[in-house]
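Trainee: Could we go through this model together, with me asking how each label is justified? I would like to see the reasoning behind the words.

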Amino acid sequence: MSPPVAPPAWSRWLVPPAALSVHLSIGQAYAWSVFKPPLESSLNLSGTQSALPFQLAIVMLGLSAAFGGTLVERNGPRWAMTVALICFSSGFLISALGAETKQFWLIVLGYGFVGGIGLGIGYISPVSTLIKWFPDRPGMATGIAIMGFGGGALIASPWTAQMLKSFGSDNTGIAQSFLVLGLSYAVFMTLGVLLVRVPRTEDLKGEDKGKVAANAPGVLSGVQVSANSAVRTPQFWCLWVVLCMNVTAGIGILEKAAPMITDFFADTSTPVTVSAAAGFVALLSAANMAGRIGWSSTSDLIGRKNIYRVYLGVGAIMYALIALFGDSSKPLFILCALVILSFYGGGFATVPAYLKDLFGTYQVGAIHGRLLTAWSLAGVLGPLIVNWIADHQKNAGKHGASLYDTSFIIMIGLLAIGFVANELVRPVNARHHIPAPREAVDVERHQSESA
Amino acid sequence: MSNDTSQSPPDRRPLIAFAWLWVGAPLVYGVYELILKAKQLFTG
C-alpha cells in the first residue's frame, strides 16, 4: 500500500480526527474489566483466567509496537491503520465465536493475540504523521491522539455494560456484544484509514507550508537518526528509564485506586463508601486523559526536558505529601492523586515529541514503538510494588494508610531515578546521525516509487 | 497558464466538521458518563 500523500489544499486538521478514530477504538482495551464478571460466571473461569485476554493483549501491544515500528514507517500510516483495523476487529469476531461456542482459548487468541497486534500497530500508526503535519506543535498533536487512547475506555465501559444488560450476561450475550464491538470499531476506524495523509511540501500553501515544509517527507531537515541507531544511544535508554519510572509511579495508584482510598480513610470519621471510591477511580481517569492533552501541549511552550522535570519532580513531591499528610485530609489526598495521574497521562503523550526533538522525524514512529517496551515493564512493576507491599503490611498486622507508606517511598525513589535520567539527556552524538543527503534521496525515491 | 490560479481548492471545512463530529460525539458520551460516575465521589 502506498503512503497516502496529501492532495492540494488538504487540511492538517483532518489528521487528528483520523488518529483519534484509531486511538478511541483501541483504547477499549482498558475497559476489558467489564467483561470479566460475566465471562467468569458463564464459562466458569477464575479471576486470573478471565484477565488472560487483556494481559496477552498488552504484551502483544508492546511486542508489535516494538517490532512492527519499522514496517509502519516503511509502509505509511494508512497501511498501519488498515492492519490495526483488521486485527482489532477480527480479534472481537474471533472472541465472539469463542464466547458462543464456550471455547475460552478462542477469546484469548482473538482478543489477546490478534487484537493485541492491532493495539500495538494502531497505537504507533499516527504518531510520525502527526509530528510531520504539526512540526510547530508536536506535543499538542500527539497529545490529541494519545488522549484518545485514554478516552477509549470512557466510551467502551458504559457502552459495553449497556450491551451486556440488553443482550444478557450469558455466553450468547457476551458473543453478541463482542460482535457488535468488532463491527462498530471496524466502521469507526475506517474514517482514519480514509482520511490519513502524509504531508507534501509542494501541496502546501500559505501558513501551513512554512510550518510543515521542514518536516515533509521529501525534506528531512535537522538531526535524523534511524531506529536501529537510536536504540544504541544513551539518550534512548535515558528516555526509556524516564518513561518506565513515570508510568510505574502512576500505574501504582491507578491499579489500586479504589481499595487505596478506602483503606486510607477507613480509620477516620469520614470513611469512603464503595460508590464514592468508584467515583474517585472515574475522576482519576479524567485526570489521566486531561493530562495527555494539557501537559503535552504545555511541553510545546516550555520544552520537553522541563515538562519531564515537572512530571518527575512535582510527582515525587505529590507522593511525599500523600505519605506525610494524605490520611489527615481527603481533599489533599484526592488532589495529589489527580496531579500524579495527570502526569502519568502527560508522560505518555509527550514522549513522541521528545523523541522527535532528539532523533528527528525520520523513523520516530519506529523509535516510539521500541520505547513502549518501558510501558510493558512498568505495567508489571507498578502494581507489583503496591500490591505486594500492601499484602505484606496487612500480614504484619498494619492497616489504613500505613499499608502504603513503604510503596510511596519507593515511588518517590523511582521518580528521583527518572528525574536524574532526564537530566542526563543530551543532544545525540553526530556519529549516530544518518548521512542527510543520501537518506533524503532514499526517502524521496521511496515516496515516488510508492505514489 | 492561469489554470492553477483560476481553480480554487475544494472547501474542506464540511469534511473537517464531519470528521471532528465523528470522533467528538462518542467522546462527549464517554465524558458525560464519566461525570455521572465521578459525582459519586461527592454524593456517595
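Mentor: Happily; let's begin with α15(A), in a model that is predicted. Its buried residues are A:R304, A:I307, A:Y308, A:Y311, A:L312, A:G315, A:A316, A:M318, A:Y319 and A:I322.

Trainee: What makes a residue such as A:Y311 count as buried?

Mentor: The label needs 20 or more other C-beta atoms within 10 Å of the residue's own. A:Y311 is listed as buried, so it meets that cut-off.

Trainee: How do you know where the buried residues of α15(A) lie around the helix axis?

Mentor: Looking down the axis, they fall within an arc of 160 degrees, so they line one face. There is a general reason behind such patterns: an α-helix has 3.6 residues a turn, so residues three or four places apart point the same way.

Trainee: Which exposed residues does the face turned away from the buried side of α15(A) carry?

Mentor: A:L324 and A:F325 sit there. Exposed means 12 or fewer C-beta atoms within that 10 Å, so both residues fall in that class.

Trainee: And what covers the buried residues of α15(A)?

Mentor: The cover includes α12 (234-255), α14 (274-302), α16 (330-359) and α19 (405-423) of chain A.

Trainee: How do you know that the length of α15 (residues 304-325) of chain A agrees with its number of residues?

Mentor: At 1.5 Å a residue, its 22 residues should span 32 Å. The end C-alpha atoms are 31 Å apart, which agrees.

Trainee: Stepping back, why is chain A called as compact as a globular protein of its length?

Mentor: Chain A has 20 helices and zero strands. Its radius of gyration is 22 Å, close to the 22 Å that the globule rule gives for 451 residues, so the description holds. By the burial count, 56% of the 451 residues are buried.

Trainee: What are the domains of chain A?

Mentor: The domain assignment gives domain 1 (12-213) and domain 2 (227-432). Their centres, taken over C-alpha atoms, are separated by 23 Å.

Trainee: How many residues of each domain are in contact with the other?

Mentor: 28 residues of domain 1 of chain A contact 30 residues of domain 2 of chain A. On the domain 1 side, α8(A) gives the most, with twelve residues.

Trainee: What kinds of residue make up that side of domain 1 of chain A?

Mentor: They divide into 15 nonpolar, ten polar and three charged.

Notes:
Residues are numbered from 1 along each chain as its sequence is written. Chains are lettered from A and ligands numbered from 1 in the order in which they are written. This is a predicted model: local features need pLDDT of at least 70, side-chain atom pairs count only at pLDDT 80 or more; totals for chains, interfaces and linings use all residues. Domain bounds come from an automatic or database domain assignment. Two residues are in contact if their C-beta atoms, placed from the backbone, lie within 7 Å. Helices (H or I, at least four residues) and strands (E, at least two) are DSSP runs, numbered from the N terminus. Ala, Val, Leu, Ile, Met, Phe, Trp, Tyr, Cys and Pro count as nonpolar, Asp, Glu, Lys and Arg as charged, and the others, Gly among them, as polar. The radius of gyration is taken over C-alpha atoms; the globule rule is 2.2 Å times the number of residues to the power 0.38. The expected span of a helix is 1.5 Å times one less than its number of residues. The arc is that of the directions from the helix axis to the C-beta atoms.
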